[in-house]
Amino acid sequence: DPLEVSSRLKNPGIWGGSLPWDFGVAWLLLVLSLSSGAAVCEEPEPQDRYHGIYFAMLLAGVGFLLPYNSFITDVDYLHHKYPGTSIVFDMSLTYILVALAAVILNNALVEMLSLHTRIAVGYLFALGPLLFVSICDVWLDLFPRRQAYAINLIAVGVVAFGCTVQQSSFYGYTGMLPKRYTQGVMTGESTAGVIISLSRIFTKLLLSDEKENTIIFFFISISLEFTCFILHLLVKRTHFVKFHTARSRDGALDFRGAVDSGTGYRVHHDVTAEDIRFTHYPHQSYAVQSLRELAGSGTYVRFDVPRPKLKRSWPSFRDMLLHRYVVSRVIWAYMLSIAMTYFITLCLFPGLESEIRNCTLGEWLPILIMAIFNLSDFVGKILAALPYDWRGTHLLIYSCLRVVFIPLFIMCVYPNGKPTFSHPAWPCVFSLLMGITNGYFGSVPMILAAGKVSPEQRELAGNTMTVSYMTGLTLGSAVAYFAYSLTSTSHSTCFHTESYNGSITAGY
């Protein structure tokens, strides 16, 4: 109550001793803080009109998986240019290993580099290799086969670093926004697969020359990636985004981004409880913080405590580990659930699925199987938007049950030459079911985890979940090499790569 505080300021004895500052100045600071704070608090929460921010987040999800999908979806071109090699498996493993290192690095730098700086760097690292490979390797064909193979793997590694830093940062980003925006980003991931699969199908159908249709395919991907980058630069400036990111990071009420450059300590004296606390406030203005402390009865804030001479802008290594430990204790079940979901998926996709062949469909079968997976994964991520508050342990159990897909897909390629499930409908059905469950159980843990921690921990929770996500991908990609050993000699003698690069309508 301002009247009560005014009375106490005029009667120092009430505080239990004399106060060392001028009472008039203190009262002026109190009035200014309360009046300015009340004006800011009355500002209504901005709305996402026409769902424009949601659409932008969906395109963001497209942006950080589109480059990798572009490299692996043209599986027919890769098989034709590098026959008899494990190019798709090598690309997948390269991407995953670099991505794991990148997401750990991003998790360590989350307090050191700004969010939008990390995202912008990620976009640049994604666009560069796409441009280089499409022009120098696919179009101009400047490198011999062995060098081109290595250059493609290096390009995938650079893309992995950029896109993973971008992806991990975006999950921290959307963790500060309402839940539906995390679901939007994850839906965008699947949308990237759908777009790339459709792009590859149509370019292959419309242009018979494999080199020409691959060049057009890559330039479509580059155009989409650049569009996503420009849209991000526009969206980050919106009042809606500034409102939620400012509130989640430090509770600041000034959404213009202006922060107090000073740093200092304040004494919190609770008169009723006879409690005194020293608190360090590195980034919040005194006026706004005084509003919070004076809101409680019997508490005042002293501004006369000297500030430390040295200011440390980065947290200590011990504090960083402690922050991550505290967050992980709360969301451990969600971390394991998403790791298990993507572990099982990466054991089979894209590696094993790209090696499933059929004498009639030829190279079209792996393209169709991957398109079915991407489309059903997209549907699963849409279903994840349905409101249902899963418990972490239940999510973990259902994620583990997906292990049944591993023997089912293995039976699509084994025994060699005459697999148990030889009809092309079987892998298509399995891919459909695996895609839906991957989309759903790969999204729900990420969506729910951010809501289990306090607002200021949500960016870190999003990054921590991405570490688990990438760990599952890495382990799954490593196990996928075992599946490749089953397919290395399993192709029927009726299959010849060069005979089936024409139309899907050839005789089935």
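**Figure 1. A close-up of Asp141, a residue in a loop of this predicted model.** With a relative accessibility of 45%, Asp141 counts as partly exposed, because buried residues fall under 20% and exposed ones over 50%. The loop that holds Asp141 runs between helix 6 (115-139) and helix 7. The backbone here deserves a careful look, since Asp141 has a positive phi, near 55°, in a residue other than glycine. For comparison, most residues other than glycine have a negative phi.

**Figure 2. A close-up of His51, in the loop between helix 2 (23-41) and helix 3.** Although His51 is not a glycine, its phi is positive, at about 60°. Is His51 buried, exposed or partly exposed? The relative accessibility of His51 is 49%, and this residue therefore counts as partly exposed.

**Figure 3. The whole protein chain, shown as a frame for the other views.** The secondary structure of the protein chain comes to 19 helices and 3 strands, and 52% of its 508 residues count as buried. Among the contacts in the chain with a separation of 6 or more, 81% join residues that are 24 or more positions apart. The accessible surface of the chain comes to about 23,200 Å², and carbon and sulfur atoms account for 67% of this area.

**Figure 4. A close-up of the ring pair formed by Tyr82 and Tyr149.** A pair of aromatic rings is described by the distance of the centres and the angle of the planes. The count of aromatic pairs in the structure comes to 24. In the pair shown here, the ring centres of Tyr82 and Tyr149 are 5.2 Å apart and the planes stand at 90°, so the arrangement is edge-to-face. Tyr82 belongs to the loop between helix 4 (75-81) and helix 5 (87-108), whereas Tyr149 belongs to helix 7 (residues 145-175), so the pair ties together parts that are 67 residues apart in sequence. Both rings belong to residues that count as buried, with a relative accessibility of 1% for Tyr82 and of 17% for Tyr149.

**Figure 5. A close-up of the ring pair formed by Phe409 and Phe430.** This aromatic pair is edge-to-face, with 6.0 Å from centre to centre and 70° between the planes. Phe409 lies in helix 16 (residues 405-410) and Phe430 in helix 17 (residues 425-441), and the pair links these distant parts of the chain, 21 residues apart. Both Phe409 and Phe430 are buried.

**Figure 6. Aromatic rings in a cluster, and charged ends over rings.** Which residues form one aromatic cluster? The members of this cluster are Tyr388, Trp390, Tyr398, Tyr440 and Phe441. Elsewhere, the charged end of Arg200 sits over the ring of Phe217, at 5.4 Å from its centre, while Arg180 lies over the face of Tyr181, at 5.2 Å from the ring centre.

**Figure 7. A close-up of the largest nonpolar core, with Tyr95 as one of its members.** The core holds 111 residues, and those that touch the most other members are Met57, Phe71, Tyr95, Tyr173 and Ile331. Helix 3 (residues 52-73) gives the most to this core, with 14 residues. If neighbours within four places in sequence are left aside, Tyr95 is in contact with Phe64, Leu65, Tyr68, Val156, Val159, Ala160, Cys163 and Thr164. Cys163, one of these contacts of Tyr95, counts as buried at 0% relative accessibility. Cys228, at 4% relative accessibility, also counts as buried. The structure holds 0 disulfides.

**Figure 8. Close-ups of two further helix residues, Ser221 and Gly128.** Ser221 is found in helix 9 (residues 210-235) and counts as buried, with a relative accessibility of 0%. Not counting residues up to four places away in sequence, Ser221 touches Leu66, Ser70 and Ile196. Gly128 has its place in helix 6 and, in contrast to the buried Ser221, is partly exposed, with a relative accessible area of 34%. How far apart in space are Gly128 and Ala155, measuring from C-alpha to C-alpha? These two residues are 8.6 Å apart in space, and 27 residues apart in sequence.

Methods. Residues are numbered from 1 along each chain as its sequence is written. This is a predicted model: local features need pLDDT of at least 70, side-chain atom pairs count only at pLDDT 80 or more; totals for chains, interfaces and linings use all residues. Side-chain values use heavy atoms; hydrogens and water are left out. Helices (H or I, at least four residues) and strands (E, at least two) are DSSP runs, numbered from the N terminus. Buried means under 20% relative accessible area, exposed over 50%, partly exposed in between (1.4 Å probe, protein chains only). Contact means heavy atoms within 4.5 Å. Accessible areas come from the Shrake-Rupley method with a 1.4 Å probe; for residues, only the protein chains shown count as cover. Rings of Phe, Tyr and Trp (its six-membered ring) pair if their centres lie within 6.5 Å; planes under 30 degrees apart count as stacked, over 60 as edge-to-face and the rest as tilted. A charge sits over a ring if NZ of Lys or CZ of Arg is within 6 Å of the ring centre and within 35 degrees of the ring normal. A nonpolar core is a set of buried Ala, Val, Leu, Ile, Met, Phe, Trp, Tyr and Cys residues joined through side-chain atoms within 4.5 Å. A disulfide is a pair of cysteine sulfur atoms within 2.5 Å.
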